[in-house]
Amino acid sequence: MEIEKNLAPLDALRLSFRDMDEYADYRHEHKAQLAAIWQYQAALGNQEKPFTLNGFCEVCNSATKFYARPVTRLDDPSNFHVKWASLRCKCGLSARERRVASLVPIGKNASIYHVGHFSNLAKYFLDNHPNVTTSQFKEGYKSGFIDNEGVRYEDLTQLSFPESSFDFIICTEVLEHIPSYEAGLREAKRCLRESGAAIFTFPWLGGNHFKHRVRAELTDDGQIHHHLPPSYHGDPASPEGILCFRDFGWEILDELRANGFRDAFAYFMFNPLLGYMTLNEPVIIAKK
Ligand SMILES: [Zn+2]
């Protein structure tokens, strides 16, 4: 049986930060507010039983229940918490996916490239926007190849699309699996139209972590060298999961600008009513 919980009356926030110092200043000036959010999350999520939250989904545009499934860490099986990015609406989209989906306006006929074909978010874009391309990555498959089922294959570091093909490129939970992810940033920038935007999510170190945390590297002879215990993420295209090469720090914003984007920022959305329960899960937006 699921417990139903109520939402606390905390102010909704939408915050953009262009570097770690801006973020640190904000944290310094809003200590009490951030502590309240932290306590709220812990009071709500640090428990064993699954629960639901009443709220509103701005993507399926209806009153809804959000489903929370507390999990434990492998090294601490007694410590239950909710991964709030996974807080799922009845429409199937997680909080992470809803945040991204909400940033792309419906009805503008924008051309959208969603990196990945099998996720709920890919399906959402295909069902709700008229001009969407999706693709899947598979080792050994050439960019641009389309299989018998109509699935297109692309390597983000070597896209087959001409320059200036898209208004939006959506790339969620992909970069951390690409050893040479900077080539992917360059390709995203090349394939965007002027004033287009790339929208990324990936494991975010947050706080005062500037440098990425390199978990694994590909050596010159093609071997994987692990710096940390291997972490495999769920992948709708492969049951065994997919290796995470790095968790990202604030330096990604500098890298996006260095690779040709005119603007790049971390965008934080906190709004319990909409099921956006933390300030620790930014969407990274890069504008051409
Ligand atoms: Zn929904």
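Helices and strands here are DSSP runs, numbered from the N terminus. With that numbering, Glu173 is found in the loop between β10 and α5. The model is predicted.

**Figure 1. Glu173 sits in a loop and has a positive phi.**
The phi of Glu173 is about 55 degrees, although Glu173 is not a glycine. Most residues other than glycine have a negative phi. Is Glu173 buried, partly exposed or exposed? Glu173 is partly exposed, because its relative accessible area is 22% and buried means under 20%. Gly234 is 61 residues away from Glu173 in sequence. In space, the two C-alpha atoms are 10.0 Å apart. Gly234 belongs to strand β15, residues 232–235. Gly234 counts as exposed, because its relative accessibility is 71% and exposed means over 50%.

**Figure 2. Ser164 also has a positive phi.**
Ser164 lies in the loop between β9 (132–135) and β10 (166–172). Its phi is near 55 degrees, and Ser164 is a residue other than glycine. Ser164 counts as partly exposed, at 33% relative accessibility.

**Figure 3. Four cysteines hold the zinc ion.**
Which atoms coordinate the zinc ion? They are the SG atoms of Cys57, Cys60, Cys89 and Cys91, at 2.3 to 2.4 Å. Along the chain, these donors follow the spacing C-x2-C-x28-C-x1-C. The angles among the four donor atoms run from 98 to 125 degrees, and the site is tetrahedral. Ideal angles for four tetrahedral donors are 109.5 degrees. Cys89 is buried, with a relative accessible area of 3%. Cys91 is partly exposed, at 35%.

**Figure 4. A hairpin joins β5 to β6.**
Strand β5 covers residues 71–73, and strand β6 covers residues 76–81. The two strands run antiparallel. How many bridges join them? There are three. Look for Thr72, which stands opposite Phe80 in β6. The hairpin connection passes through two residues.

**Figure 5. Phe200 and Leu256 have the most contacts inside the largest nonpolar core.**
This core has 75 residues. Strand β18 (residues 263–270) gives the most to it, with seven residues. Which residues does Phe200 touch, leaving aside its neighbours within four places in sequence? Phe200 is in contact with Cys171, Leu175, Leu185, Ala188, Leu256, Val283, Ile284 and Ala286.

**Figure 6. Helix α6 packs its buried residues against two kinds of element, helix and strand.**
Helix α6 spans residues 251–258. Its buried residues are Glu251, Ile252, Leu253, Glu255 and Leu256. An α-helix has 3.6 residues a turn, so residues three or four places apart point the same way. The buried residues of α6 pack against β2 (13–17), α5 (181–191), β11 (192–201), β18 and β19 (283–287). After α6 comes Gly260, with a positive phi near 105 degrees.

**Figure 7. The protein chain is as compact as a globular protein of its length.**
The chain has six helices and 19 strands. Its radius of gyration is 19 Å, close to the 19 Å that the globule rule gives for 288 residues, so the chain is as compact as a globular protein of that length. Along its principal axes, the C-alpha trace spans about 50 × 45 × 40 Å. Buried residues make up 47% of the 288. Among contacts between residues at least 6 apart in sequence, 62% join residues at least 24 apart.

Terms used. Residues numbered from 1 in each chain as written. Predicted model: local features only at pLDDT ≥ 70, side-chain atom pairs only at ≥ 80, totals over all residues. Heavy atoms only, no water. Pairing = 2+ DSSP bridges. Helix = DSSP H or I, 4+ residues; strand = E, 2+ residues; numbered from the N terminus. Core = buried A, V, L, I, M, F, W, Y, C linked by side-chain atoms within 4.5 Å. Buried < 20%, exposed > 50% of the residue type's maximum accessible area, 1.4 Å probe, protein only. Contact = heavy atoms within 4.5 Å. Donors = N, O, S within 2.8 Å, 3.2 Å for Na, K, Ca; no water. Tetrahedral: all angles 85-135°; square planar, octahedral: opposite > 155°, others 65-115°. Rg over C-alpha atoms; globule rule 2.2 N^0.38 Å.
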